[in-house]
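Work through the exercises below with the sequence and the model side by side, and try each task before reading its solution.

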Amino acid sequence: MQEPQLLSEEKVFKDPVHRYVHVREKLIWDLINAREFQRLRRIRQLGTSYLTFHGGEHSRFNHSLGVYEIMRRILETFEGRVQLSREEKLLCLCAALLHDVGHGPFSHTFEKVFRFDHEEWTRKILTGDTEINRILRSVGEHFPQKVAEVVGKTYENKLIVSLISSQIDADRMDYLLRDAYYTGVNYGNFDIERILRVMRPHEDGVVFKFSGMHAVEDYIMSRYQMYWQVYFHPVTRSAEVILCKIFQRARQLYDSGYIFEQEPRHYLPFFRGEITLADYLMLDENVAFYYMGQWRMEKDPILSDLCARFMDRNLFQYVEYNPRDFINLEEIKKLFLEAGIDPAYYVEVDSTSDLPYDFYRPGEEQERIPIMLRMSSGELIELSRKSEIVQAISGKRRFDHKLYFPYDKLMSLPEDAAGLIRERLGVMEDA
Amino acid sequence: MLKAHAKIMRLVEVAGEVTGRKKLHKMVYIAKKLQVDFDERFEFHMYGPYSEELTLRVDELCSLGMLDETKESKGAIELYRYKLNEDGREFLQYHNVDIGYGDRLISRMNQENSRFLELVSTVLYFEHLPYEQMKSKVFTLKSMQKYTEEEIQKALAFMDELRDMIKQ
């Protein structure tokens, strides 16, 4: 390993969540300035949530700096408590900073339609022909691969992996606080100062001093609230449904030989399923919005309508849906089709689910590592055994299914057709 | 339109019964790596490739009463078995699910045990690495399972067998 340089003086970024993000290592400074990292400024952290919470316009760049800052502070807490080499500390900082570098525009939707995984692109950006790779290699030939392994959770030192990825890690702590701040909701807040103060390294992971249990409880509850109040908000999901339909329609048109008014150059590799790293890095939300602006002027009425809906926030309406009611759903789709509205693009069931916290069940092949509290005697006890609040939501899955449809199109149908569909959907005329 | 759910149900239907959550995850992961059209995203966890989405979808199907889950104790281990029930079969009839050659792969994989499929999926997860590095990853990350090089060879041969089945 080559000895990485320190900057001549510490650089700081003003940050609304952590007040300041401190950078002392030249390596980190160079990574922040790398082209692939700057691209994250053009990708929103919360995808379509800004259409529900107008403040939620922050980027993955902000979040990545935040995760780095939390990691930097964790390492300060760990000083003298665990033996980490200079290279291992840099590994933690780089993995924290770069963990999301492979995200694309509207990742969740985009990955679903074009069938890929952003984590694979993260690995390629870290180990492929990129500025980030060249900067990481200045530490050592194998350093980029090690960073990729930490991000991919396959690095041999489990303590380091757990700092980036576990039920309470630097990534989650930053996104909960940041997303709550920018969306303006109150329930995402918890006392991160306290959590960082009571966090201790322990063998293959971290544990929390029992005296800090209430701060950890707050974190778990804020996670629970944020998922259902912000991340799974039905309006946000409506925008995601439309976005998904836009990509599906554009791809279907391309596959059928449709001639676009303007060739969608940036999307062609995705339509063809032959995506290079350079193609991938060219795509960001600015590009996605540019094409939506172009496509709303296309002659294809479906693509044009869907893009106009997304840009003008004329989203789909929704009703609760019971997946056992699938025969009714088939009828609804049939009625839409008969009314001249293609259900493939205008009727969609969206399902979402979450498990806020999972505890340890002896003998089961479970995958989530539970949060452990360290008692003053040194004994380790799993969180839900001490916290009644956490126990109440532990291991509890929650599901939500909604059926989305364009209410305005429904209202423009002749009354008899609209009435039949409304009846099936269970919606009133003035819904 | 709940197609992702339907594909999982199709897998269970083809298998008849899947014994163990881990086994189910590994079967979906391996099939997906062989281009069978499953939707779930995977990450590397304690027992190898694992999908939180798959866990939640299976729980959802069980809570909806379309998949039967039974739990049995095998010594210190709790084992889950999954079977499609009548409601699930009816649901599948309404969802046109075709996973192509996935049917053949699933039937074959279901004959193997979860320990072996855990190894196969781990080998697949690291297939982009040179053989020695992949082997080192298996031995390091799966030290508890005490896999041997002979078993890794068997896993590679099994993958070749599955790939041959695709061509048939």
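**Exercise 1. Determine the order of the elements in chain B, and decide how compact the chain is.**

Solution. Read from the N terminus, chain B of this predicted model follows the order α-β-α-β-β-α-β-β-α-α-α-α-α, where helices (H or I, at least four residues) and strands (E, at least two) are DSSP runs, numbered from the N terminus. That gives eight helices and five strands for chain B. The radius of gyration, taken over C-alpha atoms, is compared with the globule rule, 2.2 Å times the number of residues to the power 0.38. Chain B has a radius of 16 Å, close to the 15 Å that the rule gives for 168 residues, so it is as compact as a globular protein of that length. The C-alpha trace of chain B spans about 50 × 40 × 25 Å along its principal axes.

Residues are numbered from 1 along each chain as its sequence is written, while chains are lettered from A and ligands numbered from 1 in the order in which they are written. In this predicted model, local features need pLDDT of at least 70 and side-chain atom pairs count only at pLDDT 80 or more, whereas totals for chains, interfaces and linings use all residues.

**Exercise 2. Describe the sheet of chain A that contains β9, and identify its edges.**

Solution. Three strands of chain A form an open sheet with antiparallel pairing, in the order β5-β9-β6; two strands pair if DSSP finds at least two bridges between them. Strands β5 (317-320) and β6 (348-354) of chain A stand at the edges with a single partner strand each, so one side of each is left without a neighbour in the sheet. From one strand to the next the twist averages 30°, with axes being lines fitted to C-alpha atoms and angles running from 0 to 180 degrees between N-to-C directions. Seven bridges join β6(A) to the antiparallel strand β9 (residues 398-405) of chain A, and within β9(A) the bridge partner of A:S351 is A:H401.

**Exercise 3. Characterise the side of domain 1 of chain A that touches domain 2 of chain A.**

Solution. Chain A is divided into domain 1 (6-184) and domain 2 (234-352 + 400-425), bounds that come from an automatic or database domain assignment. In chain A, 22 residues of domain 1 are in contact with 19 residues of domain 2, contact requiring C-beta atoms, placed from the backbone, within 7 Å. On the domain 1 side, α5(A) gives the most, with six residues.

Conventions
Two residues are in contact if their C-beta atoms, placed from the backbone, lie within 7 Å.
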